[in-house]
Amino acid sequence: MSSTWTLPDDLDLPTRPDFFPAPGEALPQHWSKCFGCGDDQPSGMAMTFIAEEGIEVSGRLTVANRYQGGPGVIHGGILSVAFDETQGMACMLLGVPVVTGHLEIDFAKPIPLGSVLEFRARMDGMTGRKLYTSAEARIVEGPTAGDDVVATSRGLFLTIKPEHFTPMKDFVDGEATSPFGSSTL
Ligand SMILES: CCCCC/C=C\C/C=C\C/C=C\C/C=C\CCCC(=O)SCCNC(=O)CCNC(=O)[C@H](O)C(C)(C)COP(=O)(O)OP(=O)(O)OC[C@H]1O[C@@H](n2cnc3c(N)ncnc32)[C@H](O)[C@@H]1OP(=O)(O)O
């Protein structure tokens, strides 16, 4: 795997806040219409997330046939959504909304349709509004399941004010069941 990503050396590392779910507990979806995690998005990926020890979170994705890119394997864009979503969830630790500014992926091994992927993500540090995150994926169920890391990701997230989404509110598809532009945490 290769990457041009370098972490600044003046980062602060957040500690786990009291409001964050305990290790093993589910994390709430951040937005019910979200393509990655929303339970009110029938065409979406319906990812689920769990708080892990420390400042780590994990997410699961079942690779449905409709996520096919090359013959029999997951589309790289779908994998990128899953990383975006998991690393965004890791930023929930701060309790403020974030958006992705930069995301980069290394695709290390082919991932067959029907696999269940587990993603693990954490914040590596922050400075001001900038949150630096990383994550990796493993196949936990399926014909090629094992301990090998099949893809890795690094991403920069920026904290935003809830008003960030106000100009978009006329474009929301239907009535959302979670607060618009905010976390339900
Ligand atoms: C899909 C919607 C998701 C909505 C989530 C919202 C709330 C949820 C609540 C909590 C989160 C929980 C879970 C989240 C789960 C999943 C998340 C999915 C997230 C997405 O999928 S979200 C969609 C894709 N995303 C966008 O739609 C962003 C479009 N974009 C912008 O809205 C602006 O671009 C913005 C706001 C990013 C920055 O704009 P801005 O004006 O506020 O700030 P500014 O430009 O001044 O940058 C400040 C400092 O960041 C540095 N910086 C900025 N961009 C950089 C880059 N790319 N590379 C390197 N450095 C960068 C500058 O260099 C400067 O650095 P310095 O301070 O050192 O000078």
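G174 is partly exposed, with 46% relative accessible area. That residue belongs to the segment after β6. Its C-alpha atom is 9.6 Å from that of D40, although 134 residues separate G174 and D40 along the chain. All of this comes from a predicted model.

D173 sits in the segment after β6 as well. D173 counts as exposed because its relative accessibility is 55%, and the cut-off for exposed is over 50%. Take the C-alpha atoms of D173 and R60: they are 25 Å apart, and the two residues are 113 places apart along the chain.

**From the surface to the inside**

T159 gives a contrasting case. This residue is part of strand β6. Is T159 buried or exposed? T159 is buried, because its relative accessible area is 14% and buried means under 20%. Which residues does T159 touch, beyond those up to four places away in sequence? They are L94, V96, P97, V98, R129 and L131. One of these, R129, returns below with the ligand.

A46 lies in the segment before β1. With 53% relative accessibility, A46 counts as exposed. The table sets four residues side by side.

| Residue | Relative accessible area | Class |
|---|---|---|
| A46 | 53% | exposed |
| T159 | 14% | buried |
| D173 | 55% | exposed |
| G174 | 46% | partly exposed |

A46 has another feature to look at. Its phi is near 50°, a positive value, and A46 is not a glycine. Most residues other than glycine have a negative phi.

**The nonpolar cores**

Now look inside. The largest nonpolar core holds 39 residues. Which of them touch the most other members? They are L61, I74, L79, F83, I111, L117 and F119. Several elements supply at least two residues each to this core: β1 (48-51), β2 (56-62), α1 (76-90), β4 (116-127), β5 (130-141) and β6 (149-159). Helix α1 gives the largest share, 6 residues.

I74 shows how such a core residue is surrounded. Set aside its neighbours within four places in sequence. I74 is then in contact with L61, V63, Y67, G69, L79, I111, L113 and L117.

There is also a second core, separate from this one. It has 5 residues, among them L11, Y132, L156 and L158.

**Around the ligand**

How many residues surround the ligand? There are 19, and D84, T100, G101, R129 and K130 come nearest. Three of these names appear again in the close polar atom pairs below.

D84 has a polar side-chain atom 2.7 Å from an oxygen atom of the ligand. G101 uses its backbone instead: a polar backbone atom there is 2.9 Å from a nitrogen atom of the ligand. R129 brings in its side chain, with an N or O atom 2.7 Å from a ligand oxygen atom. The ligand would expose 1300 Å² if taken alone, and the protein buries 54% of that.

Which elements build the shell around the ligand? α1, β3 (98-107) and β6 each supply at least two residues. Strand β3 gives the largest share, 5 residues. By class, the shell has 8 nonpolar, 7 polar and 4 charged residues.

**Pulling it together**

Helix α1 supplies residues to the largest nonpolar core and to the shell around the ligand. Strand β6 does so too, for the core and for the shell. R129 comes near the ligand and also touches T159.

Methods: Residues numbered from 1 in each chain as written. Predicted model: local features only at pLDDT ≥ 70, side-chain atom pairs only at ≥ 80, totals over all residues. Heavy atoms only, no water. Core = buried A, V, L, I, M, F, W, Y, C linked by side-chain atoms within 4.5 Å. Buried < 20%, exposed > 50% of the residue type's maximum accessible area, 1.4 Å probe, protein only. Helix = DSSP H or I, 4+ residues; strand = E, 2+ residues; numbered from the N terminus. Contact = heavy atoms within 4.5 Å. Near = heavy atom within 4 Å. Polar contact = N/O pair within 3.5 Å; in protein donor to acceptor, adjacent residues only side chain to side chain. Areas by Shrake-Rupley, 256 points an atom, 1.4 Å probe, with all protein chains shown as cover. Nonpolar A, V, L, I, M, F, W, Y, C, P; charged D, E, K, R; others polar.
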